[in-house]
Amino acid sequence: MSTKNTHKRMQLSQNESGKIEYCEGCDVVEMEIGPVSVRLHAQDLALFSTLIQEAEMHLRYYKLEKIKFEAEAINARVMH
């Protein structure tokens, strides 16, 4: 993994949360998320993407279950 000035970088994606660039010379993907920069080998990008998608899915499920639990608790108090 090299410094930014050594190789030509190509922007792959950018939105409000950050940006992702690729250095072909290093075969490295760099993600800048706020003040944090993460570099990983390009071959690991798909694995990282799966990790993020699974985390997002589990967080959604957790939030839905929490809402369901809280609603059941309120209903139980109202019934008594």
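Is His41 buried, partly exposed or exposed? His41 is partly exposed, because its relative accessible area is 38%, which falls between the 20% limit for buried and the 50% limit for exposed. This is a predicted model. The chain has one helix and four strands. It has a radius of gyration of 20 Å, against a value near 12 Å for a compact globule of 80 residues.

**Overall build**

- Read along the sequence, the order of elements is β-β-β-β-α. The four strands come before the helix in that pattern.
- The C-alpha trace spans about 70 × 20 × 15 Å along its principal axes.
- A compact globule of 80 residues would have a radius of gyration near 12 Å. This chain has 20 Å instead.
- Of the contacts with a separation of 6 or more, 11% link residues 24 or more positions apart.

**Surface and charge**

- Of the 80 residues, 12% count as buried.
- The chain exposes about 6,800 Å². Carbon and sulfur atoms supply 58% of that area.
- There are 10 positive and 12 negative charges. The mean positions of these two sets are 5 Å apart.

**Glu21, a buried residue in a strand**

- Glu21 lies in strand S2, and that strand covers residues 18-23.
- Glu21 counts as buried because its relative accessibility is 12%, and the cut-off for buried is under 20%.
- What does the side chain of Glu21 meet in polar contacts? One partner is the side chain of Arg9, at 2.9 Å. Another is the side chain of Lys19, at 3.3 Å.
- Leaving out residues up to four places away in sequence, Glu21 touches Arg9, Met10, Gln11, Leu12, Val28, Val29 and Glu30.
- Strand S1 covers residues 9-15, and strand S3 covers residues 28-33.

**Asp27, a loop residue with positive phi**

- Asp27 sits in the loop between strand S2 and strand S3.
- Its phi is near 55°, a positive value in a residue other than glycine.
- Most residues other than glycine have a negative phi.
- Asp27 is partly exposed, because its relative accessible area is 34% and the partly exposed class lies between 20% and 50%.

**Two histidines**

- His7 is in the segment before strand S1. His41 is in strand S4, which covers residues 36-41.
- His7 is partly exposed, with a relative accessible area of 29%. His41 is partly exposed too, at 38%.
- How far apart are His41 and His7 in space, C-alpha to C-alpha? The distance is 15 Å, for 34 residues of separation in sequence.
- His7 also pairs up with Cys23 for a distance check. These two are 16 residues apart in sequence and 6.4 Å apart in space, C-alpha to C-alpha.

**Tyr62 and the helix**

- Helix H1 covers residues 45-79, and Tyr62 lies in it.
- Tyr62 counts as exposed because its relative accessibility is 51%, and exposed means over 50%.
- Tyr62 and Gln43 are 19 residues apart along the chain. Their C-alpha atoms are separated by 30 Å.

How values were computed. Residues numbered from 1 in each chain as written. Heavy atoms only, no water. Helix = DSSP H or I, 4+ residues; strand = E, 2+ residues; numbered from the N terminus. Buried < 20%, exposed > 50% of the residue type's maximum accessible area, 1.4 Å probe, protein only. Rg over C-alpha atoms; globule rule 2.2 N^0.38 Å. Contact = heavy atoms within 4.5 Å. Areas by Shrake-Rupley, 256 points an atom, 1.4 Å probe, with all protein chains shown as cover. Lys, Arg positive; Asp, Glu negative; His and termini not counted. Charge placed at Lys NZ, Arg CZ, Asp CG, Glu CD. Polar contact = N/O pair within 3.5 Å; in protein donor to acceptor, adjacent residues only side chain to side chain.
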